[in-house]
Amino acid sequence: MVATIEDRGKSKKIEHGPVATSSRIAHALLRDERLHADPDTPDIGIEVPQELIERGTAVVESAIAEITRQFSRLAKEERVTGALQYDLNRFGTIEQDGWQLTIILQGFTEKPKEKTTGADFGVIVDLKHAGRQVSKAFWAQAKLADAVPNDPLTLPDLKGQIAKMLKRTREAYGVIYTPNGIEVFQGRESQKRSTLSQVIGDVAACRRGDRRPQFLADTVHRDYLIEMVFESTGTASPPKVNIDWATEGF
């Protein structure tokens with residue numbers, strides 16, 4: 001047995017079995033979530049109709065417009081992220097000419113997950129077409145500001161949180177909530193700004209996103225990481241690996 005997975009409402013209880021490895025648990029979790037776990041599967045994002053990408057980005061832009069309208073009432077970063085999560089996830093799956101596009105925003109608990117990873121939410125983009133499926137994800141740390149500073153990395157704790165995320169994925173983003181909308185940058189490239197809808201559209205179109213099974217499994221729930229499944233039972237966690245960004249499923 002690899003693992004037992006018990007649904008507990010907001011989260012899941014996961015216990016590893018006698019033949020568990022981090023890779024096997026990741027695949028089990030992704031099957032449980034109906035996400036695709038093989039990074040060697042050809043990416044179908046390059047074939048996705050432009051109209052479907054535009055519909056997906058329109059959903060994101062609609063969610064951003066709503067939280068921007070409510071900005072003064074939300075007051076805290078966590079509330080903005082919660083409102084964004086609700087507005088994005090309520091759309092479910094977008095269908096177009098036999099394609100299915102699903103966008104999921106998953107918030108992370110402050111302890112232990114955000115403290116360990118530097119991320120306070122992840123976004124999963126899942127594409128299906130003609131029996132094929134590809135799932136990708138990225139992580140983000142969000143900050144609230146009256147305006148985006150010249151160097152967003154000067155915002156409280158952000159530089160260190162970005163560094164933590166980059167130890168696990170290059171798909172690590174800073175997200176700045178302002179009264180005028182949301183600006184996004186990747187990694188330490190804080191001067192190269194984008195929008196959240198552009199980033200998610202790029203993931204759907206095969207230009208961004210991390211497909212590694214363990215990273216996806218570490219994204220799908222609010223409060224656990226694969227390594228924590230082992231640590232919770234006193235078993236030594238699997239060794240951390242040095243990530244080769246050129247070959248590891250990007």
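# Salt bridges, a strand and two hollows

Mentor: Let's start with a small cluster: Asp202, Arg207 and Arg208 are linked in a network of salt bridges. Keep in mind that this is a predicted model.

Trainee: Okay, how do I read a link like that, and how far apart are the closest N and O atoms of aspartate 202 and arginine 208?

Mentor: The general idea is that side chains of opposite charge can pair when their charged atoms come close. In this case, aspartate 202 and arginine 208 form a salt bridge with their closest N and O atoms 3.0 Å apart.

Trainee: Are these two residues buried or exposed?

Mentor: The cut-off for buried is under 20% relative accessible area. Aspartate 202 comes in at 16%, so it is buried. Arginine 208, at 19%, counts as buried too.

Trainee: How many salt bridges turn up in the whole structure?

Mentor: Twelve. One of them joins glutamate 47 to arginine 132, with the closest N and O atoms 2.9 Å apart. Glutamate 47 sits in the loop between helix H1 (22-32) and H2, while arginine 132 belongs to strand S6, so this pair ties together parts that are 85 residues apart in sequence. As for exposure, glutamate 47 is partly exposed at 42% relative accessibility, and arginine 132 is partly exposed at 31%.

Trainee: And which residue pairs with arginine 193?

Mentor: That would be glutamate 183, in a salt bridge whose closest N and O atoms are 3.4 Å apart. Arginine 193 is in the loop between strand S8 (181-186) and H7, and glutamate 183 is in strand S8, so the parts tied together here are ten residues apart in sequence. Both ends are partly exposed: arginine 193 has a relative accessibility of 31% and glutamate 183 has 30%.

Trainee: Next, polar contacts. What does the side chain of glutamate 227 touch?

Mentor: It makes a polar contact with the side chain of arginine 168, at 3.0 Å. Glutamate 227 is in helix H9 (residues 226-231), whereas arginine 168 lies in the loop between helix H6 (158-166) and strand S7 (172-178). Check the accessibility as well: glutamate 227 is buried at 9%, and arginine 168 counts as buried at 17%.

Trainee: Let's move on to strands. Why is S4 called largely enclosed by the rest of the structure?

Mentor: Because seven of its nine residues are buried. A general point helps when you look at any strand: in a regular strand the side chains alternate between the two faces of the sheet.

Trainee: Which strands pair with S4, and how many bridges join them?

Mentor: Strand S3 (residues 93-96) runs antiparallel to S4, and four bridges join the two. Threonine 93, for example, has threonine 102 in S4 as its bridge partner. Strand S5 (residues 121-129) also pairs with S4 in the antiparallel sense, over nine bridges. There you can find glycine 107 opposite phenylalanine 121 in S5.

Trainee: What about the turn between S3 and S4, and which residue has a positive phi there?

Mentor: The S3 and S4 hairpin has two residues between the strands, and aspartate 97 takes a positive phi near 50°.

Trainee: Now the empty space. How many cavities of 30 Å³ or more are there?

Mentor: One. A cavity is a space where a probe fits but cannot get out, whereas a pocket is open. The largest cavity holds about 30 Å³. Helix H2 (50-69), strand S4 (99-107) and helix H7 (196-204) each give two or more residues to its lining. Among the lining residues are Ile53, Leu101, Val125 and Ala204.

Trainee: How does that lining divide into nonpolar, polar and charged?

Mentor: Six are nonpolar, three polar and none charged.

Trainee: What volume does the second largest pocket have?

Mentor: About 290 Å³. It is lined by 16 residues, and those closest to its centre are Glu77, Glu78, Phe108, Glu114 and Asp120. Helix H4 (77-89), helix H5 (110-117) and strand S6 (132-144) each give two or more residues to this lining, and H4 gives the most, with five. By class, the lining of this pocket has two nonpolar, seven polar and seven charged residues.

How values were computed:
Residues numbered from 1 in each chain as written. Predicted model: local features only at pLDDT ≥ 70, side-chain atom pairs only at ≥ 80, totals over all residues. Heavy atoms only, no water. 1 Å grid on protein atoms, 1.4 Å probe; cavity = no way out; pocket = protein on both sides within 12 Å on 5 of 7 lines; lining within 4 Å. Points joined across faces, edges and corners; volume = space filled by probe spheres on them. Nonpolar A, V, L, I, M, F, W, Y, C, P; charged D, E, K, R; others polar. Buried < 20%, exposed > 50% of the residue type's maximum accessible area, 1.4 Å probe, protein only. Pairing = 2+ DSSP bridges. Polar contact = N/O pair within 3.5 Å; in protein donor to acceptor, adjacent residues only side chain to side chain. Salt bridge = Lys/Arg side-chain N within 4 Å of Asp/Glu carboxyl O.
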